[in-house]
Amino acid sequence: FPFVFGARATRTLWRSLKATEASHSVYAAAPHFYLLCIGVAPTAQGTGVGRALISPTLVRADRESCDCYLETFKEENVVYYQRFGFRVCEEVSFDRDGLRFWAMRRESKP
């Protein structure tokens, strides 16, 4: 990876992967749905596309009495995911690089 991203970026990538893996193992140890990659093009944001992507998984998780877990690296996404019932379990900051992420969990609803 260093030849593609540079040594510093590669170190940051590996540190962030280790940190997200550690959070995942603590806050989502039981069977769960892991919302790994969700994204909407900026031009389509605010049009309901994100809700359409997330909702089927949340409905299934509730039907199966299974919690959901995700991480986000964008602070503005925290409030967005809270609208779906996710709560912040942990905020991790990589001070030297300015990189942060939030581990978030949503308990299934009856």
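This report walks through the predicted model, from the whole chain down to a few residues.

## The chain at a glance

Let's start with the overall layout. The chain has four helices and four strands. Reading from the N terminus, the order is α-α-β-α-β-α-β-β.

Of the 110 residues in the chain, 31% are buried. The chain exposes about 7200 Å², and carbon and sulfur atoms supply 57% of that area. As for contacts with a separation of 6 or more, 65% of them link residues that sit 24 or more positions apart.

## Strand S2 and its two partners

Strand S2 covers residues 67–72, and it makes a good place to look around. Six of its six residues are buried, so it counts as mostly covered. The cover is on both faces: Asp67, Tyr69 and Glu71 are buried on one side, and Cys68, Leu70 and Thr72 are buried on the other.

S2 pairs with two strands that we can take in turn. One is S1, residues 32–34, which runs parallel to S2 and is joined to it by three bridges. Within this pairing, Phe33 stands opposite Cys68 of S2. To get from S1 to S2 the chain passes through helix H3, and this β-α-β crossover is right-handed.

The other partner is S4, residues 99–106. Here the strands run antiparallel, with five bridges between them. Glu71 has Ala103 as its bridge partner in S4.

## The loop just before S2

Helix H3 spans residues 49–63, and a loop leads from there to S2. Ser65 is found in that loop. What is the sign of the phi angle at Ser65? Ser65 has a positive phi, about 50°, even though Ser65 is not a glycine.

Is Ser65 buried or exposed? Its relative accessible area is 59%, so Ser65 counts as exposed, the cut-off being over 50%. The strand that follows the loop looks quite unlike this, as six of the six residues in S2 are buried.

## A nonpolar patch on the surface

Back in H3, there is Val49 to look at. Together with Ile38 and Leu53, Val49 makes a nonpolar surface patch of about 210 Å².

Why can Val49 belong to such a patch? Patches are made of residues with over 30% relative accessible area, and Val49 has 34%, so Val49 passes that cut-off. With that value, Val49 counts as partly exposed.

Terms used:
Residues numbered from 1 in each chain as written. Predicted model: local features only at pLDDT ≥ 70, side-chain atom pairs only at ≥ 80, totals over all residues. Heavy atoms only, no water. Buried < 20%, exposed > 50% of the residue type's maximum accessible area, 1.4 Å probe, protein only. Pairing = 2+ DSSP bridges. Right-handed = clockwise from strand over helix to strand, strands pointing away. Contact = heavy atoms within 4.5 Å. Areas by Shrake-Rupley, 256 points an atom, 1.4 Å probe, with all protein chains shown as cover. Patch = residues over 30% accessible without salt bridge, like charges linked within 9 Å, V, L, I, M, F, W, Y side chains within 5 Å. Salt bridge = Lys/Arg side-chain N within 4 Å of Asp/Glu carboxyl O.
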